[in-house]
Amino acid sequence: MRGRYPSPSGISYSFGPGPLTPAIRMLVIVNVAAFLVTLVAPAVISSMGLWPQRVFEQGQVWRPFTYMFLHGGIFHVLFNLLALWMFGVELERMWGTRFFTKYYFVAGAGAAVTTMVLAFLPGDIGNQLYYSNTIGASGAVYGILLAYALYFPNRPILMFMLFPLPAKVYVAIIGAIALLSSMSAGGGVAHTAHLGGLIAGYIFLKGGRLHLMSEIQYRYLKWRINRSRRRFDVYHGGRTDDVNRRVH
């Protein structure tokens with residue numbers, strides 16, 4: 001649930017952004033169809049999921065793409081598709097179907113690459129990733145959340161369906177959770193894929209303009225400026241989201 005229409009008297013909330021757009025409709029159909037197939041033939045999960053060992057040792061290069069259409073249960077597929085609808089529809093309307101589809105697959109594949117790279121870490125974390133089978137669209141969906149927060153940073157989102165947070169804060173929190181969770185083995189959740197989807201989405205949207213040290217310097221300078229404004233009670237005019245207009 002998220003707010004759509006801010007008003008002087010407060011913020012009103014409505015459920016969802018409206019009808020399915022073309023790319024999201026197709027993604028929903030394909031994911032639901034794949035889920036139904038796995039109910040009849042569970043072996044599909046083993047042959048199509050993201051299994052780093054089989055990618056590297058047996059050359060099964062389709063896995064980083066097919067894994068994102070498989071899910072382990074009704075709630076897994078339901079919540080992924082619900083998030084895709086709630087946050088993806090507005091992005092597809094803004095970007096167009098072609099760019100949205102490309103972004104979705106870049107985020108999903110980027111999540112897979114992150115998992116495969118981290119599978120070579122020494123110790124339990126690397127071993128668990130290398131010999132485990134990851135499934136689900138969560139990496140791509142996290143990329144959608146990242147894009148939503150970049151383009152609509154101050155849109156309120158209900159955290160845990162209980163209290164509203166700006167989209168940029170919401171994504172920062174779930175990104176931090178994914179990062180911290182990926183540092184420990186266990187739990188049965190592909191947090192590395194979540195983190196990879198966020199990173200891949202960010203790099204893709206920045207494109208050739210992304211330079212790591214320049215970005216760090218920019219973020220630090222912006223933090224210093226905002227800190228000085230608060231310290232000396234200086235307020236800037238214009239739209240509140242102007243500082244985030246570096247994303248195009």
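Contact here means heavy atoms within 4.5 Å. The model is predicted.

**Stop 1: helix α5.** Select residues 74–95, which form α5. Put a distance label on the C-alpha atoms at its two ends: they are 30 Å apart. At 1.5 Å a residue, 22 residues should span 32 Å, so the two values agree. Now centre the view on Gly-88. A kink of about 45 degrees in α5 is centred there. Step past the end of the helix to Gly-96, which follows α5 and has a positive phi, near 100 degrees.

**Stop 2: α1 against α5.** Add residues 22–40, helix α1. The two axes come within 9 Å and cross at roughly 170 degrees. An angle over 145 degrees counts as roughly antiparallel, so α1 is roughly antiparallel to α5.

Which residues of α1 and α5 meet? Show these side by side:

- In α1: Pro-22, Ala-23, Ile-24, Leu-27, Val-28, Asn-31, Val-32 and Phe-35.
- In α5: Ile-74, Val-77, Leu-81, Leu-84, Trp-85, Gly-88, Val-89 and Glu-92.

Colour this contact by residue class. It divides into 13 nonpolar residues, two polar and one charged. Gly-88 is in the contact list and also at the centre of the kink.

**Stop 3: aromatic pairs.** Select the rings of Phe, Tyr and Trp. Pairs with centres within 6.5 Å come to 15. Zoom in on Phe-56 and Tyr-130. Their ring centres are 6.4 Å apart and their planes lie at 5 degrees, so the pair is stacked. Zoom out to place both residues. Phe-56 is in helix α3 (residues 52–58), and Tyr-130 is in helix α7 (residues 124–130). The pair links distant parts of the chain, 74 residues apart.

Conventions: Residues are numbered from 1 along each chain as its sequence is written. This is a predicted model: local features need pLDDT of at least 70, side-chain atom pairs count only at pLDDT 80 or more; totals for chains, interfaces and linings use all residues. Side-chain values use heavy atoms; hydrogens and water are left out. Helices (H or I, at least four residues) and strands (E, at least two) are DSSP runs, numbered from the N terminus. The expected span of a helix is 1.5 Å times one less than its number of residues. The bend at a residue is the angle between axes fitted to the seven residues ending there and the seven starting there. Axes are lines fitted to C-alpha atoms, for helices over the stretch in contact, and angles run from 0 to 180 degrees between N-to-C directions. Angles under 35 degrees count as roughly parallel, over 145 as roughly antiparallel, 65 to 115 as roughly perpendicular and the rest as oblique. Ala, Val, Leu, Ile, Met, Phe, Trp, Tyr, Cys and Pro count as nonpolar, Asp, Glu, Lys and Arg as charged, and the others, Gly among them, as polar. Rings of Phe, Tyr and Trp (its six-membered ring) pair if their centres lie within 6.5 Å; planes under 30 degrees apart count as stacked, over 60 as edge-to-face and the rest as tilted.
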